[in-house]
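Here's a quick briefing on how some helices pack in this model, plus a look at ring interactions. Have the structure open as you read.

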Amino acid sequence: MEKSAYNFKILPLWARTKESYESIMKKYPNGAEYLPYSEFDEELCFKMVQINPQTLKHIRFKFYNDRICKEALSHCGKCLNYLPYNDRTKEYCDIALANDPAAFQYVPKDLKTEEMCKYVMKYDEKLIKWIHMDLQQKMYPKNAEFTINEYISKLKKEEISIEEIPDRCLTQKICNIAI
């Protein structure tokens with residue numbers, strides 16, 4: 001399937017047209033990586049994202065705009081991962097989470113709120129690993145403390161190394177024990 005999209009890459013430039021780009025994208029939604037960046041424009045990028053939101057990762061940042069980002073995030077929340085970290089706004093994060101709460105892992109720490117955390121926890125309790133320890137302690141004081149104490153205990157017994165402890169659980173006390 002991707003072979004035909006790749007064959008498009010070897011066509012001479014004069015044989016490539018906007019219509020052929022759109023045709024390739026409809027037949028081979030993952031073929032965006034074979035399209036030449038020099039021919040991208042805002043409208044083609046929008047059409048690519050409509051066909052396959054994951055193509056957001058192949059679009060150059062100069063074409064990222066509100067319309068394209070919202071389109072991609074409203075169909076695939078995990079596309080939040082393809083946005084530059086500084087461009088991940090609360091609005092974009094809310095759109096992504098409404099589509100797929102598992103996109104929570106790509107929400108910047110400073111944008112994570114208690115309400116947002118509760119929302120994603122209703123979807124899947126395994127997502128707690130993406131909630132920073134500060135918020136976990138606020139939301140689940142007993143569970144969060146237990147997790148920290150559990151890691152401290154395992155570190156003291158040398159059952160685990162500091163690399164195995166999630167960033168959200170690293171505290172000054174844990175770091176001191178690990179050294």
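Starting with one helix pair: Tyr-21, Glu-22, Met-25 and Lys-26 on α2 touch Leu-44, Lys-47, Met-48 and Ile-51 on α3. Sorted by class, that α2 contact with α3 comes to 5 nonpolar, no polar and 3 charged residues. Keep in mind that this is a predicted model.

**How α2 and α3 sit together**

- Helix α2 covers residues 18-27 and helix α3 covers residues 42-51; their axes come within 9 Å and cross at roughly 15°.
- That crossing angle is why α2 counts as roughly parallel to α3, given that the cut-off for this label is under 35 degrees.
- As for handedness, α2 passes α3 in a right-handed crossing.

**α4 against α5**

- Helix α4 (residues 66-75) packs on α5 at an angle of about 25°, and the two axes are 7 Å apart.
- So α4 and α5 also go down as roughly parallel to each other.
- From α4, the residues in the contact are Asp-66, Cys-69, Lys-70, Leu-73, Ser-74 and His-75.
- On the α5 side, they meet Glu-91, Tyr-92, Ile-95, Ala-96 and Asn-99.
- The class split for the α4 contact with α5 is 5 nonpolar, 3 polar and 3 charged residues.

**α5 against α6**

- Helix α5 (residues 90-99) and helix α6 (residues 114-123) have axes that come within 11 Å and cross at roughly 15°.
- That makes α5 roughly parallel to α6, so the pair gets the parallel label too.
- Here α5 passes α6 in a left-handed crossing.
- Lys-90, Asp-94, Leu-97 and Ala-98 of α5 make the contact with Met-116, Tyr-119 and Val-120 of α6.
- By class, the residues where α5 meets α6 are 5 nonpolar, no polar and 2 charged.

**Rings and charges**

- If you're hunting for aromatic pairs, the structure holds 0 of them.
- There are charges sitting over rings, though: the charged end of Arg-67 lies over the ring of Phe-46, 3.6 Å from the ring centre.
- Lys-112 does something similar with Phe-104, its charged end sitting over the ring at 4.4 Å from the centre.

Note on methods:
Residues numbered from 1 in each chain as written. Predicted model: local features only at pLDDT ≥ 70, side-chain atom pairs only at ≥ 80, totals over all residues. Heavy atoms only, no water. Phe/Tyr/Trp six-rings, centres within 6.5 Å; stacked < 30°, edge-to-face > 60°. Lys NZ or Arg CZ within 6 Å of the ring centre and 35° of its normal. Axes fitted to C-alpha atoms, helices over the stretch in contact; angles between N-to-C directions. Helix = DSSP H or I, 4+ residues; strand = E, 2+ residues; numbered from the N terminus. Parallel < 35°, antiparallel > 145°, perpendicular 65-115°, else oblique. Left-handed = near helix turned anticlockwise from the far one by under 90°. Contact = heavy atoms within 4.5 Å. Nonpolar A, V, L, I, M, F, W, Y, C, P; charged D, E, K, R; others polar.
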